[in-house]
Amino acid sequence: MPAKSDKSKLKADEVVVKGLGVSSGIIVGKPYVLHSSNLKVIEYRLEDDHAVEDEIERFHQALQITREQLYHVIQEAKAKYGKEYSTILESHFLILEDEEMIRGTLKMVKNNHVNAESALAAVMDKFRNNFLKSNNEYLRERATDIDDVKRRILANLLGQHKTFTVDEPSVIIADTIKPSDIAGIERSKILGFVCESGSTLSHFAIVARSLNIPAVVGIANFTGFVADHDTLLVDGHTGEVIINPAPGTIERYSKKTREIQRQAAELEPVAQLPCTTKDGREIQLSANVELAEEVANALKLGAKGIGLYRTEYMLFSERELPDEETQYQEYLKIARKISPHKLTMRTFDVGGDKIPLEILTTRGYVHEDNPMLGWRAIRIALECPEFFVPQIRAMLRLSAEFQVEIMIPMVISVSEVVQAKALIDKCKNELRKEKIPFNEKIKVGIMIETPGAALSADVLAEEVDFFSIGTNDLVQYTLAADRGNPKVAQLYNCFHPAVLQLIHKTISAAQKNHIHAAMCGEMAGNPYATIFLLGLGLNEFSVLPPVLPKIKKLIRETDIKEAEALAKRILNMTDIKEIEKLVTEVTKKKLAS
């Protein structure tokens, strides 16, 4: 992408730039650039205690004004986009009312005799940086929510309020698109989004998918490069953005759009058909979700359950662990939406680098040079029962009324499973004594996401009710390749023979012990892997909602015996390119049928 200084040199020639598509669709339109509010914070000293008291009062007034503004923004979002989106904004109240944020700001004003703006900025920037250091993509994205709330409070302290009006349908361009930005724009005026930052888990990306608005992220300096008179073609499928597309390009993409629409129309009836193979074997097809807002779309696209509910999103605005009742009420929202289908709830998959919880620092957490191999997930849960028990009690209570399963991440040994089950049994005994109902036969499973767990699958299967294979970490750990590192990302490949052998061993162990074998990693949503996984005997595919119809079509077009023959053939192959060539040929034939 050219630097901002090149903007004046831009002609009407076609320019193609590449980002990450986070919401599918293709649109053409004029850009509307949302320029960031330039709230300049200058630190100054307060002369005496009287000035400090006045500053504290000014800070409290700004908080109250922000509460009122946020309430109106939420009502506006509810009216324009429905309750599903307004609940995302409601999470901003948690940040606004965060005791540590308020306490930290007041402490800096009192102790350092500095103005509220500089104190607030310092405190919230510290929170934001903690999230940006996370290895968890969803939690990194929550830094945007902190920025949004910080911007609102600062604007009220500084008396600066920037507004914008989108008069005609446009492609919304910004360095960062905040939830409240979308709430201020009429749906009919949004053709698409292009954002310099963000990911598939950005709140605006989640909203874009639910509203079928094409969106692309990750194009550096885009706001400075695009001019008002430009025309943009945004391809949310590939992540391409074409500036001033030529007539031939527009026609080519029009044909592509018609073909995509044709394929989608063909797949639409498939969404609600039974998920059974050609020879009648029933396969569970579920969705991976973070938020209750995603459930409706998953059901519409054919999901018959949630195979991975990432509960750690609850922690993004918390400095302390949410108590049992808070967790129960939050889980209740998603359980009601997915009922009567099953809800597989993963216990908190966090580590010391991911969440700035006080519970971690009080238990002796220290900086880790390699946190992905450090104190995380089940390791924290076993060392800190106060981290694990409230969540388990909340899940057990939910199971009294809904079909709930408990899934434990990052297990590598039988001893960890035994200890975790002992804690779950302890919670059950407590609830019995308190006469609080729960499902006595609730299923407890584990994620298989390390080579150690896969190689121990035979003995682990004797202790649990199901496996769910997390291929994202399994591939990364097996191949010693960080997919987020551009230097080695090309080595990250789920079709590596070593990875396929570990998956085979895991599913075989599940079959031998008569337990359910699921997969919730990205490989489950890769159409080129579907037939192979069916051939291995996978019972459940849990995928991101947009790919549900395509995976279901492949399942319905496949005979188990032919899938088993393909799997056997692939397991005897050693060349990744040859494996990829074979699965591509087979899959394309199925999709064309």
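**Exercise 1. In which sense, left-handed or right-handed, do helices H19 and H20 cross, and which residues make the contact?**

Solution. The structure is a predicted model, and the two helices are located in it first: H19 covers residues 471-479 and H20 covers residues 497-512. Their axes come within 10 Å and cross at roughly 130°. Angles of 65 to 115 degrees count as roughly perpendicular and those over 145 as roughly antiparallel, with the rest, once the roughly parallel ones under 35 are set aside, being oblique; H19 and H20 are therefore oblique to each other. The crossing itself is right-handed. On the side of H19 the contact is made by Thr471, Leu474, Val475, Thr478 and Leu479, while H20 contributes Ala498, Val499, Leu502 and Ile503.

**Exercise 2. Determine the strand order of the open sheet of 5 strands, and explain why S2 and S4 each have one side without a neighbour in the sheet.**

Solution. The order of the strands is S2-S7-S6-S5-S4, and the pairing is mixed. Strand S2 (20-23) and strand S4 (31-34) stand at the edges with a single partner strand each, so one side of either strand lacks a neighbour in the sheet. From one strand to the next, the twist averages 25°. As a general point, the strands of a sheet pair through backbone hydrogen bonds, in either a parallel or an antiparallel manner. Within this sheet, strand S5 (residues 170-174) and strand S6 (residues 190-195) pair in the parallel sense, over 5 bridges, and isoleucine 173 stands opposite valine 194 in S6.

**Exercise 3. Describe the surroundings of glutamate 440, and state whether this residue is buried, partly exposed or exposed.**

Solution. Glutamate 440 lies in the loop between helix H16 (414-433) and strand S14 (443-448). Its relative accessible area is 42%, and because partly exposed refers to values between the 20% and 50% limits, glutamate 440 is classed as partly exposed. Leaving aside neighbours within four places in sequence, glutamate 440 is in contact with Lys428 and Arg432. A further relation links glutamate 440 to leucine 396, which is 44 residues away in sequence and 8.8 Å away in space, C-alpha to C-alpha.

**Exercise 4. Summarise the protein chain by its secondary structure, burial, contacts and surface.**

Solution. The chain has 24 helices and 17 strands, and buried residues make up 55% of its 593 residues. Among contacts between residues at least 6 apart in sequence, 71% join residues at least 24 apart. The accessible surface comes to about 25900 Å², with 51% of this area belonging to carbon and sulfur atoms.

Notes:
Residues are numbered from 1 along each chain as its sequence is written. This is a predicted model: local features need pLDDT of at least 70, side-chain atom pairs count only at pLDDT 80 or more; totals for chains, interfaces and linings use all residues. Side-chain values use heavy atoms; hydrogens and water are left out. Two strands pair if DSSP finds at least two bridges between them. Helices (H or I, at least four residues) and strands (E, at least two) are DSSP runs, numbered from the N terminus. Axes are lines fitted to C-alpha atoms, for helices over the stretch in contact, and angles run from 0 to 180 degrees between N-to-C directions. Buried means under 20% relative accessible area, exposed over 50%, partly exposed in between (1.4 Å probe, protein chains only). Contact means heavy atoms within 4.5 Å. Accessible areas come from the Shrake-Rupley method with a 1.4 Å probe; for residues, only the protein chains shown count as cover. A crossing is left-handed if the near helix is turned anticlockwise from the far one by less than a right angle, and right-handed if clockwise.
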